[in-house]
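Please load the model in your viewer and keep the sequence panel open beside it. The tour below goes from one selection to the next and says what to look for at each stop.

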Amino acid sequence: MRSKGVAIIVALVAIVVVSGIGTLIFTRTVREIRHSGQDQGIVQTLMLARGAANLGGTFLATVGRSELEKIVQRTASSTSRWAYGGNTPGDTPDPVQTASELANVAQEFQGKLDALLCGRNFAPEGLIAQVEVRVYVSDKACAKDLPPGTDLPPGRFVEGYPRTGTGNNVSQTYALPFVMVAEASSGPYRRNIVLQGEYRFTVGRSSFARYALFTNVHTLPNGTDVWFTDRTLFDGPVHTNSHFRFYHKPWFGGEVTSAGCSTPGDTSCRGFTSPGAYFYGEGFVRATQMQPSATRPSYTNRYGTHAPEFTAGVDWNASFIPLPQNNQDQKTAAQSEGLYYSSDILRLRLSRRCVLDATEQEVPCSTPLPPGVKKYQYIEVLACANQSCKKTSSETYRYGEDGLLYQLVRQGNKLTWETATRNGSPIYFNGVIYAEGEIRSLEGPDRANSDDPATAEPALAEFAQITVAAEEDIRITQDLKYETPPCSGAPRRNRDGTVEPALCENLKARNVLGVYSHAGNVLIANSAPKDIHVHATLMSANGVVGVENYNTIPDKGDVYLIGGIIEKYYGAFGTFNPATGKNQTGYGRVFTYDRRFLEGLAPPFFPTTGQERVVSVSVFSYGQREQVY
């Protein structure tokens with residue numbers, strides 16, 4: 001009996017011990033579960049807050065830049081030595097005046113930032129969390145004071161050069177200090193990230209290259225109306241100093257702006273200004289009377305529905321932008337470190353070539369280049385040697401990545417490459433080729449197969465940046481292709497009516513070409529091949545960019561353009577059968593906007609608008625702290 005009693009006692013003790021151990025294990029497990037839940041909540045809110053901070057930086061570089069640019073256009077001086085800081089002589093603007101003017105910019109910019117950020121939850125869809133972003137460029141954002149321990153120094157000038165009045169397109173960089181607060185909360189857990197830094201923006205004169213299409217007068221030179229139709233697909237900025245006309249549903253992937261001038265002059269509006277546009281069958285409609293709104297006008301009548309798609313917005317009250325009154329900048333640049341011709345150029349050929357340095361034997365250009373092979377940009381010029389052009393001169397130049405220009409010269413019976421000089425100094429080519437007269441043929445290499453544009457070698461090497469300018473007409477007679485195009489394809493309308501933009505994934509490409517005629521036209525020659533490919537921004541200050549004899553030459557396929565068109569009048573490319581949509585004469589248009597131009601790239605010494613624009617922005621963060629709540 002005694003042994004049984006001891007056994008019972010041992011068993012009870014064992015049960016108590018086991019029970020205690022179980023309780024201990026359970027308690028610890030519960031604590032670990034709770035701790036794990038806390039860790040998960042902290043990590044989740046941390047990731048959300050960091051994501052919000054990244055979003056804020058991206059926002060400042062994209063949407064914020066667009067809003068800042070509008071403010072800069074209104075507030076930056078276009079006549080003083082400094083965009084901000086007055087006419088102060090010397091190498092820097094007055095810091096006090098700069099800070100004062102930038103404070104006004106910051107205050108206006110703050111209102112735009114608040115309107116876009118305050119009250120929004122940036123949490124991923126389906127996640128029960130709150131994610132907010134505030135950006136301070138003044139002492140309050142979203143009606144909240146700056147976080148404790150932070151302050152905002154005054155805005156400042158960073159770097160740049162004063163405007164000297166010589167027409168040079170100088171840039172100036174300014175900085176707005178900012179504080180960014182990114183907050184994330186999920187249940188009881190909160191994470192707060194505070195960043196301090198500078199929002200730097202570079203102000204420069206806007207290049208005409210930024211436009212996918214620019215017209216001073218939106219008609220043909222003979223006054224014939226030009227209508228944007230379903231066939232119209234522009235994926236970059238479009239501007240006219242006069243009025244647009246819309247039929248059915250043209251598509252615009254970039255901002256659309258109109259100055260609304262009834263009679264555009266050379267330097268200003270000579271008539272009255274009436275913001276609005278024409279809609280087929282409705283006549284002219286003032287912007288204030290557009291239905292259902294000025295940003296999404298739509299009219300349905302017996303001719304169908306006329307509702308242009310402005311995917312990036314429209315401004316019917318834009319400023320009048322005069323076209324250049326001369327080509328002095330291009331002429332001066334060509335005479336300095338470029339190529340200048342005092343009369344007509346009969347033929348100008350651009351080509352990319354690779355040669356063996358040791359033997360000067362031309363070899364295929366491959367990637368990567370084999371040892372001993374160098375890539376060059378070639379420029380071949382056949383020019384008139386006198387005004388009557390009874391005598392001609394032939395010149396061949398080339399340059400490599402370093403820009404040092406070489407000329408092919410004859411020494412006895414031998415041709416050799418020698419460094420090109422001017423005033424005894426070597427020429428580092430600035431990219432400008434200029435003719436006082438016309439350029440009768442601008443071309444790239446021949447096609448191996450005349451019917452296949454893919455068999456034409458590049459006209460511009462990957463590093464080449466060239467502006468071809470002339471006083472009179474410039475005729476493009478063959479393909480002009482980049483070695484590294486920035487875009488592929490073209491905008492196209494799907495069967496359901498939606499538009500698929502072109503694919504532009506190579507925006508770091510450096511090769512760029514500008515073609516500029518001041519007093520004449522830029523024409524696709526009637527001798528040009530079928531389905532010609534032109535990679536360039538094309539500009540005529542007093543004429544058109546179009547096709548020579550567009551209404552009499554047979555159907556020649558399409559002009560495949562990667563770039564943009566700037567012209568005084570709208571240039572015709574061909575005619576088509578409205579019943580079938582097929583070309584009848586000339587060329588059709590397959591245009592792709594070079595989106596690098598929107599980021600500030602431009603051909604060298606290409607004409608500028610005189611307007612100030614934000615050429616680039618950068619976000620510098622020099623301090624960050626995190627806090628768990």
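Begin by selecting phenylalanine 234, whose bridge partner in β11 is phenylalanine 252; the model in which you see this pairing is a predicted one. Widen the selection to the whole of β8 and to strand β11 (residues 251–252), and you will find that the two run parallel and are joined by two bridges. Adding β17 completes an open sheet of three strands, with parallel pairing and the order β8-β11-β17. The edges of this sheet are β8 and β17 (309–310), each of which pairs on one side only.

Keep Phe234 and Phe252 highlighted and turn to the aromatic rings, since ring pairs link both of these residues into a cluster that also includes Phe228, Phe244, Tyr299, Phe310, Trp316, Phe573 and Phe591. Phe246 and Phe279 belong to this cluster as well.

Before looking at individual pairs, it may help to know that 30 aromatic pairs are found in a search of the whole structure. One of them is formed by phenylalanine 109 and tyrosine 199, whose ring centres are 5.8 Å apart and whose planes meet at 15°, so that the pair counts as stacked, the cut-off for this class being under 30 degrees. Because phenylalanine 109 lies in helix α3 (residues 95–117) and tyrosine 199 in strand β6 (residues 189–207), the pair ties together parts that are 90 residues apart in sequence. Phenylalanine 109, with 0% relative accessibility, counts as buried, and tyrosine 199, with 1%, counts as buried too.

Next select phenylalanine 246 and phenylalanine 279, where the ring centres are 5.6 Å apart and the planes are at 40°, so this pair is tilted. Here too distant parts of the chain are linked, with phenylalanine 246 in strand β10 (residues 245–246) and phenylalanine 279 in strand β13 (residues 276–279), 33 residues apart. Phenylalanine 246 counts as buried at 0% relative accessibility, and phenylalanine 279 is likewise buried, with a relative accessible area of 0%.

Two arginines are worth a separate selection, starting with arginine 200, which lies over the face of phenylalanine 620 at 4.2 Å from the ring centre. In the case of arginine 210, the charged end sits over the ring of tyrosine 211, 5.4 Å from its centre.

Now switch to a surface view and go to the second largest pocket, which holds about 1200 Å³ of space. Its lining is made up of 34 residues, and those closest to the centre of the pocket are Trp227, Thr229, Arg231, Phe576 and Arg589. Two or more lining residues come from each of β8 (233–234), β39 (574–576) and β40 (583–593), and β40 gives the most, with six residues. If you colour the lining by class, you should see 19 nonpolar, nine polar and six charged residues.

For the last stop, select strand β1 (residues 130–136), which is largely enclosed by the rest of the structure, because five of its seven residues are buried. Strand β5 (residues 171–186) runs antiparallel to β1, and seven bridges join the two. Which residue in β5 stands opposite tyrosine 136? Zooming in on that position shows valine 179 there.

Technical notes:
Residues are numbered from 1 along each chain as its sequence is written. This is a predicted model: local features need pLDDT of at least 70, side-chain atom pairs count only at pLDDT 80 or more; totals for chains, interfaces and linings use all residues. Side-chain values use heavy atoms; hydrogens and water are left out. On a 1 Å grid over the protein atoms alone, a cavity is a set of points where a 1.4 Å probe fits but cannot get out, and a pocket is an open set with protein on both sides within 12 Å along at least five of seven lines; lining residues have an atom within 4 Å of a point. Grid points are joined across faces, edges and corners, and a volume is the space filled by probe spheres set on the points. Helices (H or I, at least four residues) and strands (E, at least two) are DSSP runs, numbered from the N terminus. Ala, Val, Leu, Ile, Met, Phe, Trp, Tyr, Cys and Pro count as nonpolar, Asp, Glu, Lys and Arg as charged, and the others, Gly among them, as polar. Rings of Phe, Tyr and Trp (its six-membered ring) pair if their centres lie within 6.5 Å; planes under 30 degrees apart count as stacked, over 60 as edge-to-face and the rest as tilted. Buried means under 20% relative accessible area, exposed over 50%, partly exposed in between (1.4 Å probe, protein chains only). A charge sits over a ring if NZ of Lys or CZ of Arg is within 6 Å of the ring centre and within 35 degrees of the ring normal. Two strands pair if DSSP finds at least two bridges between them.
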